[in-house]
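Q: Could you take a close look at one part of this model for me, the second largest pocket, and then walk me through the other local details worth knowing at the bench?

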Amino acid sequence: MELLSGAEMTIRALRDQGVKYIYGYPGGALLHIYDAIFTQDEVEHILVRHEQAATHMADAYARATGKAGVALVTSGPGATNAVTGIATAYTDSIPMVVITGQVMSHLIGEDAFQETDMIGISRPVVKHSFSVQRPEEIPEIIKKAFHIAESGRPGPVVVDIPKDMTTPTERYEYEYPKSVKMRSYNPIAKGHTGQIKKAVDMLLAAKRPVIYTGGGVILGNASEQLIALAQELGYPVTNTLMGLGGYPGTDKQFIGMLGMHGSYEANMAMHHSDMILCVGARFDDRVTNGTDKFCPTAKIVHIDIDPASISKTIKADVPIVGPAQAVLKEMLEQVQAAKKAPCADSLQAWWEQIDEWRARHGGRYRTDDSELMKPQQVIEMLSKVTNGDAYVCSDVGQHQMFAAQYYKFNKPNRWINSGGLGTMGFGLPAAMGVKLNFPDEEVVCVTGEGSIQMNIQELSTISQYDIPVKVICLNNQSLGMVRQWQDMNYESRHSQSYMKSLPDFIKLVESYGHVGIRVERLEDLEGAMREAFAMKDRMVFMDIAVDPFEHVYPMQVPRGSMRDMWLSKTERT
């Protein structure tokens with residue numbers, strides 16, 4: 001049997017797990033592992049310029065593929081710099097394995113140089129964590145880390161490795177486990193047939209049904225089953241921010257995203273529904289608004305892999321614990337076998353009402369009150385130029401909401417954004433992580449002049465590894481979502497929300513060897529954007545001047561019901 005050091009075991013285990021890329025940044029506690037990386041060429045290391053970017057690259061890889069991404073960071077500040085990225089993955093249930101260096105075992109607890117208790121610091125934002133106590137256990141720990149990260153409700157796992165566990169001169173027998181068994185961890189594999197039968201009976205009896213789905217459909221590879229069930233029933237479908245693409249955005253049964261900035265028709269349909277089928281969503285505050293006023297006439301079926309998510313904020317009438325794919329498959333079989341069909345007259349009346357709501361708003365926005373481009377126009381052009389088929393990675397803010405509203409996602413895993421934590425700086429490294437693994441696909445970062453500066457140093461990483469992503473910067477010279485809230489709730493007292501002394505983004509990206517394009521007029525937009533996407537082998541940054549006073553609408557009235565919305569600056573339901 002082959003003898004390897006702990007450092008060599010770490011890299012060999014990642015190789016045997018099928019890992020192609022590690023995203024990381026070296027430091028003293030990791031130097032044995034980095035030396036092991038140097039002596040092989042099967043696992044490629046991507047040197048980022050900040051550890052947060054490493055975690056976002058690994059996170060985005062996972063969102064696009066469903067497989068856990070890997071980040072490698074050193075002890076102390078390297079590990080703490082990664083916490084934001086770990087928390088981002090945790091809140092969105094994204095599988096990720098983060099290997100952190102640690103000081104030597106005998107120094108732990110002595111406030112040694114670059115020592116931090118990474119297990120303790122990360123505990124609230126990880127699914128699980130391991131601290132290596134013996135070098136020979138590294139292969140099994142790595143296998144367990146991936147198993148935990150990718151199964152059940154996915155999430156990030158931290159593996160903390162003291163430096164003396166990787167000493168090159170100490171070698172041990174290496175064998176990578178083919179499988180692992182963990183007595184205390186056994187994710188459920190299917191839903192309860194009796195509960196599914198109750199849900200089907202409720203579905204078929206509904207007069208005003210809505211199918212409400214979230215990121216669990218995408219994480220659970222259940223888009224195909226969702227589409228089949230929804231089309232079998234003919235019911236309207238709405239997605240959360242994390243669920244976009246789980247059901248085709250251009251299909252006639254799709255009524256848009258729901259929630260704080262959801263479509264008028266989706267929020268109205270939810271409020272007036274008599275039955276809600278929730279799949280892989282958790283009724284978070286950005287969807288429900290005031291929970292005491294949430295969908296007062298609706299019976300609720302809630303399907304989720306995580307029993308802790310069911311009835312946590314909104315009580316489910318029929319709870320079903322299980323993976324979305326298996327539950328929806330069985331539900332479809334029961335619907336098809338049922339002797340009863342949905343009431344055609346009731347369903348037709350329901351669709352007529354939804355179409356009336358859709359006609360009233362339907363994503364409209366004003367274009368006559370400013371000579372500047374509207375951000376909505378930019379996203380609509382992006383959807384047109386990319387044929388709605390790009391991987392769209394977003395930062396956080398108004399640009400994120402405009403992208404969610406106006407880019408029509410017809411496939412799962414194409415919308416890559418930080419939903420639960422709302423992490424500015426996510427978009428650029430996320431786009432890099434996706435593009436590395438899908439080099440022949442169009443990968444776009446939609447950002448703002450605030451968010452892009454959170455991790456703009458990664459333009460250097462892009463240069464080093466030749467990652468030709470496209471950046472669409474909606475530049476309104478302000479922290480747009482903060483400013484919108486100040487307009488609506490603080491009588492336009494714009495405290496610290498305007499961005500002054502912005503860099504010349506064109507000169508900045510050119511200094512890194514990339515292409516910059518500035519667009520200030522709508523008539524120049526399509527030509528410039530097509531020019532940008534024609535440069536297949538270049539990173540292109542489009543700095544696009546948009547109306548600084550534009551708001552994102554609809555917007556729910558705080559603490560109201562789902563039907564309580566602002567539809568424009570002057571129009572409220």
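A: The second largest pocket is lined by 26 residues, and those nearest its centre are Gly256, Ser263, Glu265, Gln405 and Lys408. Two elements each give two or more residues to this lining, β11 (254-257) and α16 (398-406). Of the elements, β11 gives the most, with four residues. Helices here are DSSP runs of H or I with at least four residues and strands are runs of E with at least two, numbered from the N terminus. By class, the lining has ten nonpolar, eleven polar and five charged residues. For that tally, Ala, Val, Leu, Ile, Met, Phe, Trp, Tyr, Cys and Pro count as nonpolar, Asp, Glu, Lys and Arg as charged, and the others, Gly among them, as polar. The space in the second largest pocket comes to about 420 Å³. A pocket is found on a 1 Å grid over the protein atoms alone, as an open set of points where a 1.4 Å probe fits, with protein on both sides within 12 Å along at least five of seven lines; lining residues have an atom within 4 Å of a point. Points are joined across faces, edges and corners, and the volume is the space filled by probe spheres set on them.

Before we go on, please keep in mind that this is a predicted model, in which local features need pLDDT of at least 70 and side-chain atom pairs count only at pLDDT 80 or more, while totals for chains, interfaces and linings use all residues. Residues are numbered from 1 along each chain as its sequence is written, and side-chain values use heavy atoms, with hydrogens and water left out.

Now to some individual residues, starting with Gln484 in helix α19 (residues 480-489). Gln484 is buried, with a relative accessible area of 0%; buried means under 20%, exposed over 50% and partly exposed in between, using a 1.4 Å probe and protein chains only. Leaving aside neighbours within four places in sequence, Gln484 is in contact (heavy atoms within 4.5 Å) with His261, Gln398, His551, Val552 and Met555. Along the chain from His551 and Val552 comes a cis peptide bond, which joins Tyr553 and Pro554 with an omega of about -5°. Pro554 belongs to the loop between β20 (540-545) and β21 (555-556).

Val378, in helix α15 (residues 375-385), is also buried, at 0% relative accessibility. Residues up to four places away in sequence aside, Val378 touches Met373, Ile472, Leu474, Leu525, Met529, Ile544 and Val546. Val378 and Gln477 are 99 residues apart in sequence, and their C-alpha atoms are 16 Å apart in space.

Ser75 makes a nice polar example. Ser75 lies in the loop between β4 (69-73) and α4 (77-81) and is buried at 3% relative accessible area. A polar atom of the Ser75 side chain is 2.9 Å from the backbone oxygen of Gln114. Beyond four places in sequence, Ser75 touches Ala29, Gly101, Gln102, Val103 and Gln114.

Backbone angles deserve a look too. Ser93 is not a glycine, yet its phi is positive, about 60°; Ser93 sits in the loop between α5 (83-91) and β5 (96-102) and is buried, with a relative accessible area of 7%. Asn221 is likewise not a glycine and has a positive phi of about 50°. Asn221 is found in the loop between α9 (215-219) and α10 (223-233), and at 54% relative accessibility Asn221 counts as exposed. Gly18 follows α1 and has a positive phi near 95°. Within helix α1 (residues 6-16), the buried residues include Gly6, Ala7, Met9, Thr10, Ile11, Ala13 and Leu14.

If you are wondering about cysteines, the count comes to zero disulfides, a disulfide being a pair of cysteine sulfur atoms within 2.5 Å. Cys445 does not form one because the closest cysteine sulfur, in Cys393, is 7.0 Å from its own, too far for a bond. Cys445 is buried at 0% relative accessible area, whereas Cys343 counts as partly exposed at 37% relative accessibility.

Finally, Asp306 is in the loop between β13 (299-304) and β14 (318-321) and counts as buried at 17% relative accessibility. The C-alpha atoms of Asp306 and Pro319 are separated by 11 Å, with their positions 13 residues apart along the chain.

Conventions:
A polar contact is a pair of N or O atoms within 3.5 Å; within protein, one must be able to donate a hydrogen and the other to accept it, and residues adjacent in sequence count only if both atoms are side-chain atoms.
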